[in-house]
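Trainee: I'm new to this one, could you go through it with me?
Mentor: Gladly, let us put it on the screen and take your questions as they come.

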Amino acid sequence: MPATHPQLLRALQATRGHPRAIVGHRFASHGAPHYNEPGGWLFGEKPLPPGQKRVKEDWENIWYVGMFGTMLAAAVLLYYKPDTRHAPLRLSITWALKEAKQRMEARGEKYKYEPPSSPPSPSPS
């Protein structure tokens, strides 16, 4: 049911002494923003004059080694991770494969594909 005019007026009068109830100020906000406002330069660094080289800060090389070294270690460990997916299923597939091979051998069928020795001749169209 939509609020009528007297109901809205009463709600506004109830919050008249507390403007924060309507606006929703944050208590931790004190004045100007506490971050570096955008200045138009990449990472806040002004371009160097021609011929000058950028000097790295002490932590940058450690960060690069740690970041990319961790990625490389994770890639190697994931590549060599043992396959533990569907372990019970894998055992049943192994049992079924052995059973199928035994039955096919008993019937005299080949269970391994062997390509023909000569390619088949093209059929006349």
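Trainee: Let me start with a single residue: is Arg107 buried or exposed?
Mentor: Keeping in mind that this is a predicted model, Arg107 counts as exposed, because its relative accessible area is 57% and the cut-off for exposed is over 50%.

Trainee: And which side chain does Arg107 meet in a salt bridge?
Mentor: That is Glu109, with 3.5 Å from N to O. Glu109 itself has a relative accessibility of 37%, so this residue counts as partly exposed.

Trainee: How many salt bridges turn up in the whole structure?
Mentor: A search of the whole structure gives five. One of them links Glu114 with Lys110, where the closest N and O atoms are 3.5 Å apart, and both Glu114 and Lys110 are exposed.

Trainee: Which residues are joined into one network by salt bridges that share partners?
Mentor: Glu45, Arg54 and Glu60 are joined in that way. Between Arg54 and Glu60, the closest N and O atoms lie 3.0 Å apart.

Trainee: Why can side chains like that pair up at all?
Mentor: As a general point, side chains of opposite charge can pair when their charged atoms come close.

Trainee: Back to that last pair, is Glu60 buried or exposed?
Mentor: Glu60 is buried, because its relative accessible area is 6% and buried means under 20%. Its partner Arg54 counts as partly exposed, with a relative accessibility of 37%.

Trainee: Changing topic, what is the secondary structure of the chain?
Mentor: The protein chain has four helices and zero strands, so that, read from the N terminus on, its elements follow the order α-α-α-α.

Trainee: What share of the residues is buried?
Mentor: Of the 125 residues in the protein chain, buried ones make up 1%. The accessible surface of the chain comes to about 12,900 Å², and carbon and sulfur atoms account for 63% of that surface.

Trainee: What about pockets, what volume does the largest one have?
Mentor: The largest pocket has a volume of about 200 Å³.

Trainee: Which residues line the largest pocket?
Mentor: The lining consists of Phe43, Glu45, Arg54, Glu57, Trp59, Glu60, Trp63 and Tyr64, and it includes Glu45, Arg54 and Glu60, the residues that shared salt-bridge partners join into one network.

Trainee: How does that lining divide into nonpolar, polar and charged?
Mentor: There are four nonpolar and four charged residues in the lining of the largest pocket, with no polar ones.

Definitions and conventions: Residues numbered from 1 in each chain as written. Predicted model: local features only at pLDDT ≥ 70, side-chain atom pairs only at ≥ 80, totals over all residues. Heavy atoms only, no water. 1 Å grid on protein atoms, 1.4 Å probe; cavity = no way out; pocket = protein on both sides within 12 Å on 5 of 7 lines; lining within 4 Å. Points joined across faces, edges and corners; volume = space filled by probe spheres on them. Nonpolar A, V, L, I, M, F, W, Y, C, P; charged D, E, K, R; others polar. Helix = DSSP H or I, 4+ residues; strand = E, 2+ residues; numbered from the N terminus. Buried < 20%, exposed > 50% of the residue type's maximum accessible area, 1.4 Å probe, protein only. Areas by Shrake-Rupley, 256 points an atom, 1.4 Å probe, with all protein chains shown as cover. Salt bridge = Lys/Arg side-chain N within 4 Å of Asp/Glu carboxyl O.
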